[in-house]
Amino acid sequence: MTITTATRSGWQFRRPSVIPGFGLTLGFTIAYLTLIVLIPLAGVVWRTTELGWSGFWEIATDGRTLNALRISFGTAFIAALVNVVFGVIVAWVLVRYRFPGRRIVDAAVDLPFALPTAVAGIALAAIYAPNGWIGQLLAPLGVKVAFTPLGIVVALIFIGLPFVVRTVQPVMEEIDKEVEEVAATLGATRFQTISRVILPGLAPAVLTGFALAFARAVGEYGSVIFIAGNIPYVSEIAPLLIVIRLEEFHYAGATAIAALMLVISFAMLFVINLIQAWSRRRYGYGG
Amino acid sequence: MEVSIRHVRKEFDRFPALRDVSLDIRSGELIALLGPSGSGKTTLLRLIAGLERPTEGAIFFGDEDASHRSVQERNVGFVFQHYALFRYMTVADNIGFGLKVRPGASRPPKAEISRRASELLDLVQLSGLEKRYPNQLSGGQRQRVALARALAIEPKVLLLDEPFGALDAQVRRELRRWLREIHDTTGHTTVFVTHDQEEALELADRVVVMSQGRIEQVGTADEVYDTPNSPFVYGFIGDSSALPVRVEGGQVWQQDRALGLTAANVPDGPATLFFRPHEIELLDGCGGCIAGTVAASRRVAGTRRVELEVGGERHRVEVELPIEHPAASKSRVAFRPRRWKVFPDGHGESHSGIVRHQPEESPPLALTGS
């Protein structure tokens, strides 16, 4: 051991490699991230500083702002949770079974990616409205979907579904059939095999899908505004409030809410990443 | 536990993987299913485990018909070639899995499960590795864990599908010896699948030679090597040479020469003579012998293997000569097998040529002098 660059923590600035290009690619990455992501986001924070601390605090603690944030993050969280369950089942069906129309279902999963979200919002609003196809079935039960927070959740489930399915599907395809067979010979029931052997292996992928679906849902605007009803304090989401402030030419007010969303989103994604790192270690990915 | 396979047939989408197979496995026996790929040996193993259902026939565990029992109910230990360990569980959790998934009443307490796991780790000589994950182990260690996991449920039968196939030669030999020891200690009825005849002959009490969905022969290593009952077994087990011949009145003829070999109980007509390259005696003159010209020769450890072209049609056979024999190219060698077997050609099939079994680690053949 005459040459050693590794530090005790195992972190290393640069590993010697036969493949060149570290400097070039890292430089490109930083330049790209700066231009596309960091400078615009810094602009948001910079515009917000025009308000001064007290002005910012006033907007941040305003009831309408707080409610909009609560609705945005709350509905996004619920929608992502639903998508985790729903998406894993869809992925399971697509990976495990061969049935007529499988390719069509597989392709249909991507539709929410391709469709302008406004179209989805209008379609969902029409169907779930009290006089719509599904809405009129739910109305007698006292369930109102369109123009309530529940409607927002439905729209967010719609746009978030592909994220979970597409992150879980490839990992699920890698599952070794022999592992399931071994579990069966050891006496595990089908349910025990799924819950104890298969799902732990999917956990990191499921978490990634959750994070993506959640992040996408927090930022969603187009589909939600058609189905939400947009009643302040009840079903008004934060992105809409930002647009309202912009239309009032209250730019600093808009960026203040944006900055708040930025901080909360970053914190939540950071926590999800930590959980993910923990689960990878927990389930022996670390090596 | 005795296992009895009765007239089992298995088809996959009309493709027959097993055709009318019957086999009795004795309690406490270590038995090998040996055959080339596609012979149905793995299918048979999976049928015993319950991972496949027979198209026809029945499988008995002792006196009980297990054919319609589910995999979970059969209580078999199964070890796959590629280990199939649960990668998200520690070694101890892997071994304890079969006990942990038992329904409430029959599930041992946690402390008991971990005690069992340590005990089994001792048995497979991996003490102290409880906390490791499978990807932190070598191939040989993983296969030991897989075996410990299978043994943890006290299986009625232990089934191993090419258990050493993914390991390198050194580890394979070591694990072979070790598996025999484990078998002798625990006394489980054990069935293992292999395409490696050396492994089967060395390890098993009895060898089941399979080909094309049928059992060709069942016997001890000595029986299948010394008295093969079919051309396939003769060719498959050990090195052999085959020569097309003709039987007339119990005498073996090659074209117009009598070979000086008898073939009792073989009907007159075309047949195939089988012998082992090392079971021959060299002769000087040739009145009643096989004679051929040297076509190729190669050195194998302490002996020389020589390919001879015999007769007008130049059938190639292989014989083993002492190293000092001056077997130059084109020179003539006369010999007579000391042990041989003649199989009448049925259904137009005929056999000729040389079958060599190379240890897998040796380099490809280099023929010289041809």
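Two strands pair if DSSP finds at least two bridges between them. Keep that cut-off in mind for these exercises on a predicted model.

**Exercise 1.** How many bridges join strands β1 and β2 of chain B, and in which sense do they pair?

*Solution.* Start with β1(B), residues 3-12. Seven bridges link β1(B) with β2(B), and the sense is antiparallel. Since the cut-off is at least two bridges, these strands count as a pair. For one example, look at Val3(B), whose bridge partner in β2(B) is Ile25(B).

**Exercise 2.** Which strands are the edges of the open sheet with the order β2-β1-β4-β5 in chain B?

*Solution.* The open sheet has four strands with antiparallel pairing. Now look for strands that pair on one side only: these are β2 (15-25) and β5 (64-65) of chain B, the edge strands. Next, find helix α1 (residues 41-49) of chain B, which packs on the sheet and touches β1, β2 and β4 (56-61) of chain B. The direction of α1(B) makes about 115 degrees with that of β1(B).

**Exercise 3.** Is strand β16 (residues 290-300) of chain B mostly covered or mostly uncovered, and how many bridges join β16(B) to β17(B)?

*Solution.* First, count the buried residues: eight of the eleven in β16(B), so the strand is mostly covered, with buried meaning under 20% relative accessible area. Then follow the pairing. β17(B), residues 303-310, runs antiparallel to β16(B), joined by eight bridges; here Arg298(B) has Arg305(B) as its bridge partner. Two residues lie between the strands of this hairpin, where Ala301(B) takes a positive phi near 45 degrees. Finally, β16(B) also pairs with β19(B), residues 332-337, in the antiparallel sense over four bridges, and Ala291(B) has Ala334(B) as its partner there.

How values were computed. Residues numbered from 1 in each chain as written. Chains lettered and ligands numbered in written order. Predicted model: local features only at pLDDT ≥ 70, side-chain atom pairs only at ≥ 80, totals over all residues. Heavy atoms only, no water. Buried < 20%, exposed > 50% of the residue type's maximum accessible area, 1.4 Å probe, protein only. Contact = heavy atoms within 4.5 Å. Axes fitted to C-alpha atoms, helices over the stretch in contact; angles between N-to-C directions.
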